[in-house]
Amino acid sequence: GLGKTIQALAYLQLHPELRPAVVVVPASLKRNWEREANRFMTEPGVQVLSGTNPGKLTGKIVIINYDILADWVDALIKIHPRIMITDECHYYKNSSAQRTKAVKRLGKFIPKVIALSGTPIVNRPVEVYNALKLIDPTCVPSFFAYAQRYCGARHNGFGWDFNGATNTQELHQKLVNTVMIRRMKAD
């Protein structure tokens, strides 16, 4: 309800040089992205991917869901995308999850990344690290430094625990000043 999809599509409309574009979304949102692109953009050239057997990629804007991304990464890399938009970026908060590994692998080959979410941090600051690293690697140079500063990193006798939250106001200010556009529903 905040207009994230339309704002991202407007950006793509204003920047036709950012083609091909890859849009990674939850499966339930694929058709919505297709509908909105066809409604608000001039000749978007949308291709919605499905299945786990990569086929021919012909779209200017390729929409794929997180669940099948790992199967398509190599094919997507070959089309040399100029931008990746990830909707509901908290879907790749867990670094050991297959979808997170696929998003990160693809993101290494794409010069521009936009991560969208109404709730980028669902529970703890560690959840937004992967999105931040994709958007701007200089914003968070190392995981451990980020975790020590913002995740209350502590050694618990068995390993490191990053499930805390520290310096949250500082983190909020850093995000707002660098990579985050924040809007309230009331606005």
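**Figure 1. Close-up of N167 in the loop between β7 and α7 of the predicted model.** N167, which is found in the loop that runs between β7 and α7, has a phi near 50 degrees, a positive value in a residue other than glycine. With a relative accessible area of 33%, N167 is partly exposed.

**Figure 2. Close-up of E43 and its positive phi.** E43 is placed in the loop between α2 (30–40) and β2 (46–48), and although E43 is not a glycine, its phi is positive, at about 45 degrees. The relative accessible area of E43 is 65%, so this residue is exposed.

**Figure 3. Close-up of the cis peptide bond from R19 to P20.** The bond that leads from R19 to P20 is cis and has an omega near -5 degrees, and P20 itself is found in the loop between α1 and β1.

**Figure 4. Close-up of I64 in strand β3 and of the largest nonpolar core.** I64 is found in strand β3, which covers residues 61–65, and because its relative accessibility is 0%, I64 counts as buried. When residues up to four places away in sequence are not counted, I64 touches V22, V23, V24, V25, K30, L49, L69, W72 and L76. The C-alpha atoms of I64 and Q47, residues that stand 17 apart along the chain, are separated by 8.7 Å. Within the largest nonpolar core, which has 24 residues, I64, L69, L76, M84 and L106 touch the most other members. Two or more residues of this core come from each of β1 (21–25), β3, α3 (66–78), α4 (98–107) and α5 (129–135), with the largest share, eight residues, coming from α3. L106, again not counting residues up to four places away in sequence, touches V22, L69, V73, L76, I77 and M84. Another core, of 16 residues, lies apart from the largest one and has V23, I61, I63 and L116 among its members.

**Figure 5. Close-up of the stacked aromatic pair Y66 and Y91.** A search of the whole structure finds nine aromatic pairs. In the pair formed by Y66 and Y91, the ring centres are 5.2 Å apart and the planes lie at 20 degrees, so the pair is stacked. This pair links distant parts of the chain, 25 residues apart, with Y66 in helix α3 and Y91 in the loop between β4 (83–87) and α4. Y66 is buried, having a relative accessible area of 2%, whereas Y91 is partly exposed, with a value of 30%.

**Figure 6. Close-up of the edge-to-face aromatic pair F144 and W160.** F144 and W160 form a pair with 5.0 Å from centre to centre and 85 degrees between the planes, an edge-to-face arrangement. Because F144 lies in helix α6 (residues 143–150) and W160 in strand β7 (residues 160–161), the pair ties together parts that are 16 residues apart in sequence. F144 counts as partly exposed at 33% relative accessibility, and W160 is partly exposed with a relative accessible area of 42%. Ring pairs also link Y129, F143, F144, Y146, Y150, W160 and F162 into a cluster.

**Figure 7. Close-up of the largest pocket and its lining.** About 970 Å³ of space lies in the largest pocket, and of the 32 residues that line this pocket, A115, S117, V179, M180 and I181 lie nearest its centre. The elements α1 (4–14), β5 (112–116), α5 and α7 (168–178) each give two or more residues to the lining. By class, the lining has 21 nonpolar, six polar and five charged residues.

Methods:
Residues are numbered from 1 along each chain as its sequence is written. This is a predicted model: local features need pLDDT of at least 70, side-chain atom pairs count only at pLDDT 80 or more; totals for chains, interfaces and linings use all residues. Side-chain values use heavy atoms; hydrogens and water are left out. Helices (H or I, at least four residues) and strands (E, at least two) are DSSP runs, numbered from the N terminus. Buried means under 20% relative accessible area, exposed over 50%, partly exposed in between (1.4 Å probe, protein chains only). Contact means heavy atoms within 4.5 Å. A nonpolar core is a set of buried Ala, Val, Leu, Ile, Met, Phe, Trp, Tyr and Cys residues joined through side-chain atoms within 4.5 Å. On a 1 Å grid over the protein atoms alone, a cavity is a set of points where a 1.4 Å probe fits but cannot get out, and a pocket is an open set with protein on both sides within 12 Å along at least five of seven lines; lining residues have an atom within 4 Å of a point. Grid points are joined across faces, edges and corners, and a volume is the space filled by probe spheres set on the points. Ala, Val, Leu, Ile, Met, Phe, Trp, Tyr, Cys and Pro count as nonpolar, Asp, Glu, Lys and Arg as charged, and the others, Gly among them, as polar. Rings of Phe, Tyr and Trp (its six-membered ring) pair if their centres lie within 6.5 Å; planes under 30 degrees apart count as stacked, over 60 as edge-to-face and the rest as tilted.
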